[in-house]
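Let's take a friendly walk through this structure together, one stop at a time. Keep the 3D view open and turn to each place as it comes up.

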Amino acid sequence: MPIGYYLALSGVLFAIGAAGVFLRRNLITLLLSVEIMLNAVNLSFVAFGRQQGSVDGQIITFFVMTVAAAEAAVGLALVIALFRHRESLNPEAFTSLKW
Amino acid sequence: MTTYSFDAVIPIVCVILAGLVVMLAEAFRGRGEKMPLGGLAVIGLVGAAASSVLLWNRNATSFGVVTADNFALFLNLVLVAVGLMTVLITAQTADRDKLPAGEFYATALFALVGMMLMVQASDLLVMFLALETMSIAVYVMTGIRREAVNGTEAAFKYFLLGAFASAFFLYGVAFLYGTTGSTSLDRIGTIVASQAMAPNPLVLMAVGMLLVGFAFKVAAVPFHMWSPDAYEGAPAVVTGFMSTGVKAAAIAGFTRVFLSALEPMIGYWAPALWVIAAATMVLGTVVGVQQTSIKRMLAYSSIAHGGYLLLGLLAGSDVGKASILFYLAAYALTNLGAFGIIALLGSYSRDNDNLRDYAGLWHSHPVLATLMALFLLSLGGFPPTAGFIAKWYVFSAAIGAGYYWLAIIGFLSSVVSVYFYLRIVVMMFMTDRDARPVPAPVTGIALAGLALSLAGVLYLGVLPSQVIEWAQASVATIF
């Protein structure tokens with residue numbers, strides 16, 4: 001299968017994630033959107049690695065997954081802290097700072 | 001593969017160890033037991049500074065991905081100064097704000113590890129990991145006062161847009177990896193240079209993605225919207241820390257990637273960066289003028305300063321790179337001083353960060369008012385302070401490289417910005433205080449920190465030649 005398909009899929013996923021960050025109205029979904037973006041990048045790393053016949057691309061993916069996990073941990077902790085203040089997951093509820 | 005040298009990572013390891021020790025000391029101490037956690041942090045930072053000085057001119061590299069060239073070492077010293085000032089101010093404010101001191105110091109040290117690694121990275125994957133180490137720690141610091149809804153909200157906004165930007169950065173790395181088969185800056189540079197005439201579209205996309213990622217991190221327009229919120233919502237100490245440390249690390253990474261590996265593509269990214277730099281300077285100043293919260297005002301001022309730094313990056317010459325280093329040193333000392341004063345004047349229940357809170361400060365806190373005035377004058381670029389020399393140096397680099405219009409825009413916006421710095425000064429010295437409560441008097445170790453940073457600001461302003469020489473030596477040997 002030519003690499004173009006993988007890259008196109010990765011581009012679509014990245015765009016879906018990026019659009020989600022701006023369009024979705026739920027804090028958890030916002031987190032998921034960012035994760036989709038990172039995983040889209042992972043897909044392209046693996047595809048490029050395979051195209052070049054080296055394992056570097058797949059190794060990089062492990063680093064990225066680790067980082068994404070750490071990021072998700074902090075993100076979820078922040079969501080919980082926010083929820084305790086307002087009992088809501090809607091970003092519109094958090095407007096004490098000008099956005 | 002040759003033998004690995006561990007020399008280049010010694011400054012980073014010092015800070016990691018200090019962070020771990022502080023974290024464990026906090027975890028194992030008995031209830032109510034006093035422990036000099038700040039002192040432990042200072043020891044680690046001094047170790048990092050000492051090892052950076054010892055590594056000077058040795059161009060050590062470790063594992064092929066971390067380099068300790070003079071450029072990185074100079075910035076390591078700036079970052080250590082940022083860390084020291086943060087520790088000194090926090091020593092004073094942690095109890096007042098009911099911050100968990102050990103956690104705070106440990107997180108700050110881990111953020112510094114990320115910054116130093118980012119400055120020293122010569123491989124894009126390592127730079128990404130450093131960026132995330134730094135960012136995740138700073139998200140936590142922004143929201144460290146969980147009971148304050150402002151802080152948590154600021155932390156989440158910062159987190160969301162920061163993670164978004166990191167994804168862009170990483171996508172750029174992926175494209176470069178796809179076209180060159182490597183994440184090492186040296187190899188990427190060689191391959192990109194060989195096809196500079198007819199670049200692969202993937203390389204162009206990579207340049208765009210990396211530009212977006214870095215522009216987010218340095219809070220350049222139009223990717224700046226997180227920064228006023230994050231700077232306003234975070235505790236003032238943290239604002240000082242991230243407006244200097246994060247910016248220094250991000251600009252350093254920006255410079256290293258765009259002026260070494262991607263320099264052959266300068267014809268493609270320079271026009272975009274021109275627009276970004278101009279917009280950043282103008283918007284940071286114009287919107288800053290309208291603010292009534294000092295923290296928010298200085299947030300916009302810090303956006304504008306990011307624009308001046310991009311001017312040095314765009315100039316790209318040796319003078320330009322040296323001017324970036326000098327500017328970062330001057331800006332770090334000045335901005336930390338100003339935010340340190342804001343932090344010291346706040347109280348647990350009130351930030352005291354409205355412009356009106358500074359009315360008549362000269363009568364209640366003459367020393368702090370004088371220090372604040374000097375820091376603000378330095379931010380505005382008045383002689384004989386560091387800010388003046390730094391701006392002059394950056395603008396002359398831009399003119400030397402032929403960016404006349406950009407230098408003029410920068411000069412004009414810096415003239416306008418004087419208005420809002422002086423507004424605070426006038427408020428402090430010439431306005432009477434209304435019924436607002438007077439902030440508590442400030443004494444102790446934090447004043448020593450402020451005095452040190454003032455000494456630095458005046459030294460750089462009056463006798464800059466030595467540091468300029470070091471800055472020039474820093475860029476002479478590399479890229």
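What follows is a tour of rings, helices, loops and a few backbone details.

Before setting out, bear in mind that this is a predicted model. Every value below is therefore computed from that prediction.

A good place to start is with the aromatic residues. Searching the whole structure over all chains gives 28 aromatic pairs. One of them is formed by B:Tyr158 and B:Trp226, whose rings are stacked, with 4.6 Å from centre to centre and 10° between the planes. Find B:Tyr158 in helix α6 (residues 149-180) of chain B and B:Trp226 in helix α9 (residues 226-233) of chain B; the two parts are 68 residues apart in sequence, so the pair ties them together. Both B:Tyr158 and B:Trp226 are buried.

Next, look for a group of rings drawn from chains A and B. A:Phe14, A:Phe22 and A:Phe48 belong to one aromatic cluster together with B:Phe164, B:Phe168, B:Tyr171, B:Phe175, B:Phe216 and B:Phe223. Elsewhere, a ring has a charge for company: the charged end of B:Lys98 sits over the ring of B:Tyr348, at 3.9 Å from the ring centre.

Now move to a pair of helices in chain B. The axes of α15 (residues 366-380) and α16 (residues 386-400) of chain B come within 6 Å, crossing at roughly 5°. Because angles under 35 degrees count as roughly parallel, α15(B) is roughly parallel to α16(B). On the α15(B) side the contact is made by B:Ser378, B:Leu379 and B:Gly380, while α16(B) brings B:Ala386, B:Gly387, B:Phe388 and B:Lys391. Sorted by character, the residues of this contact are three nonpolar, three polar and one charged. In the loop between α15 and α16 of chain B you will find B:Pro384. The peptide bond leading from B:Pro383 to B:Pro384 is cis, with omega near 5°.

A second cis peptide bond is worth a look: B:Val221 and B:Pro222 are joined by one, with omega of about 0°. B:Pro222 lies in the loop between α8 (201-217) and α9 of chain B. The loop between α8 and α9 of chain B also holds B:Ala219. B:Ala219 is not a glycine, yet its phi is positive, at about 60°. Is B:Ala219 buried or exposed? With a relative accessibility of 1%, B:Ala219 counts as buried.

Another positive phi in a residue other than glycine belongs to B:Asn57, where the value is near 70°. B:Asn57 sits in the loop between α2 and β1 (60-62) of chain B. Its relative accessible area is 54%, so B:Asn57 is exposed. Helix α2 (residues 37-55) of chain B is home to B:Ser51, and B:Ser51 is buried, with a relative accessible area of 9%. What does B:Ser51 touch, leaving aside its neighbours within four places in sequence? The contacts of B:Ser51 are B:Ile10, B:Pro11 and B:Cys14.

The last stop is B:Gly444, in the loop between α17 (404-430) and α18 (445-462) of chain B. B:Gly444 is partly exposed, with a relative accessible area of 46%. In sequence, 356 residues separate B:Gly444 from B:Leu88, while in space the two are 9.7 Å apart, C-alpha to C-alpha.

Conventions:
Residues are numbered from 1 along each chain as its sequence is written. Chains are lettered from A and ligands numbered from 1 in the order in which they are written. This is a predicted model: local features need pLDDT of at least 70, side-chain atom pairs count only at pLDDT 80 or more; totals for chains, interfaces and linings use all residues. Side-chain values use heavy atoms; hydrogens and water are left out. Axes are lines fitted to C-alpha atoms, for helices over the stretch in contact, and angles run from 0 to 180 degrees between N-to-C directions. Helices (H or I, at least four residues) and strands (E, at least two) are DSSP runs, numbered from the N terminus. Angles under 35 degrees count as roughly parallel, over 145 as roughly antiparallel, 65 to 115 as roughly perpendicular and the rest as oblique. Contact means heavy atoms within 4.5 Å. Ala, Val, Leu, Ile, Met, Phe, Trp, Tyr, Cys and Pro count as nonpolar, Asp, Glu, Lys and Arg as charged, and the others, Gly among them, as polar. Rings of Phe, Tyr and Trp (its six-membered ring) pair if their centres lie within 6.5 Å; planes under 30 degrees apart count as stacked, over 60 as edge-to-face and the rest as tilted. Buried means under 20% relative accessible area, exposed over 50%, partly exposed in between (1.4 Å probe, protein chains only). A charge sits over a ring if NZ of Lys or CZ of Arg is within 6 Å of the ring centre and within 35 degrees of the ring normal.
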